[in-house]
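Please open the model in your viewer and keep the sequence panel visible beside it. The stops below are meant to be selected one after another.

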Amino acid sequence: MSFLPKDVQDGLDAARISTLAKASRLSLTAGGRTHAVLRLWKTGFSVALADTPHLRGFVDLYEGEAHLFQCLIVAAEEEGLEMRYEFKRATAIQTGPALDFERPADAPVALIEDHLNP
């Protein structure tokens, strides 16, 4: 195991965070501001500690322009230069209207009318 001077280690950590932020297409919106999401896992996500204020409550999670989830979050812990948040609730955004009945698996997608033979 090698030990690096603190300023060198801090520089390497900052470069790793910057690379994660540039590579990620994930972002979140909270309080009208958008923040880059560094990592996402099943029960939470992380953001850059230096660039993001302390978050809590409802946030919207996006991948590019696609709205993925509306989440209720709580701060979990600082991990290096990242702040980890856990989902209390993550509701997937539906692309169609909500159904108030069960749709059979073999239901037709659309109806085709025969205008030639009324």
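The tour goes from the whole chain to single strands and then to single side chains.

**Before selecting anything**

This is a predicted model, in which local features need pLDDT of at least 70 and side-chain atom pairs count only at pLDDT 80 or more, while totals for chains, interfaces and linings use all residues. Residues are numbered from 1 along each chain as its sequence is written, and side-chain values use heavy atoms, with hydrogens and water left out.

**Stop 1: the whole protein**

Colour the protein by secondary structure, and one helix and six strands appear; here helices (H or I, at least four residues) and strands (E, at least two) are DSSP runs, numbered from the N terminus. Along the sequence they follow the pattern α-β-β-β-β-β-β. Of the 118 residues, 21% count as buried, where buried means under 20% relative accessible area, exposed over 50% and partly exposed in between (1.4 Å probe, protein chains only). The protein exposes about 9000 Å², of which carbon and sulfur atoms supply 56%; accessible areas come from the Shrake-Rupley method with a 1.4 Å probe, and for residues only the protein chains shown count as cover. Among contacts (heavy atoms within 4.5 Å) between residues at least 6 apart in sequence, 45% join residues at least 24 apart.

**Stop 2: the barrel**

Now show the strands alone: the six of them close into a barrel in the order β1-β2-β3-β6-β5-β4, with antiparallel pairing. The twist averages 45° from one strand to the next, with axes taken as lines fitted to C-alpha atoms (for helices over the stretch in contact) and angles running from 0 to 180 degrees between N-to-C directions. Two strands are said to pair if DSSP finds at least two bridges between them.

**Stop 3: β1 and its two partners**

Select β1 (26-30). Four of its five residues are buried, so β1 is largely enclosed by the rest of the structure. Four bridges join β1 to β4 in the antiparallel sense, and another antiparallel pairing, also over four bridges, links β1 to β2. L28 marks both pairings, since its bridge partner in β4 is L61 and it stands opposite H35 in β2. In the hairpin of β1 and β2, which has two residues between the strands, look for G31, whose phi is positive and near 60°.

**Stop 4: from β2 through β3 to β6**

Move on to β2 (residues 33-41) and β3 (residues 44-48), antiparallel strands joined by four bridges and forming a hairpin with two residues between them. V37 stands opposite V47 in β3, and V47 in turn stands opposite M83 in β6. On its other pairing, β3 meets β6 (residues 82-92) in the antiparallel sense over five bridges. Is β3 enclosed by the rest of the structure or open to the outside? Five of the five residues of β3 are buried, so this strand is largely enclosed.

**Stop 5: the β5-β6 hairpin**

Select β5 (residues 66-79), which 10 bridges join to β6 in the antiparallel sense. The bridge partner of E79 in β6 is E82, and the hairpin has two residues between its strands, with G80 in the turn at a positive phi of about 65°.

**Stop 6: the nonpolar core**

Show side chains for L28, V37, F45, V47, I73 and Y85, which have the most contacts inside the largest nonpolar core, a set of 14 residues. A nonpolar core is defined as a set of buried Ala, Val, Leu, Ile, Met, Phe, Trp, Tyr and Cys residues joined through side-chain atoms within 4.5 Å. The elements giving two or more residues to this core are β1, β3, β4 (57-63), β5 and β6. Leaving aside neighbours within four places in sequence, L28 is in contact with residues including V37, F45, V47, L55, V59 and L61.

**Stop 7: a buried polar group**

Finish at S46 in β3, which is buried with a relative accessible area of 0%. Its side chain makes a polar contact with the side chain of E82 (2.6 Å), a polar contact being a pair of N or O atoms within 3.5 Å; within protein, one must be able to donate a hydrogen and the other to accept it, and residues adjacent in sequence count only if both atoms are side-chain atoms. E82 lies in β6, is itself buried, with a relative accessible area of 2%, and makes a further side-chain polar contact with R39 (3.1 Å). R39 also stands opposite S46 in β3, while A48 stands opposite E82 in β6.
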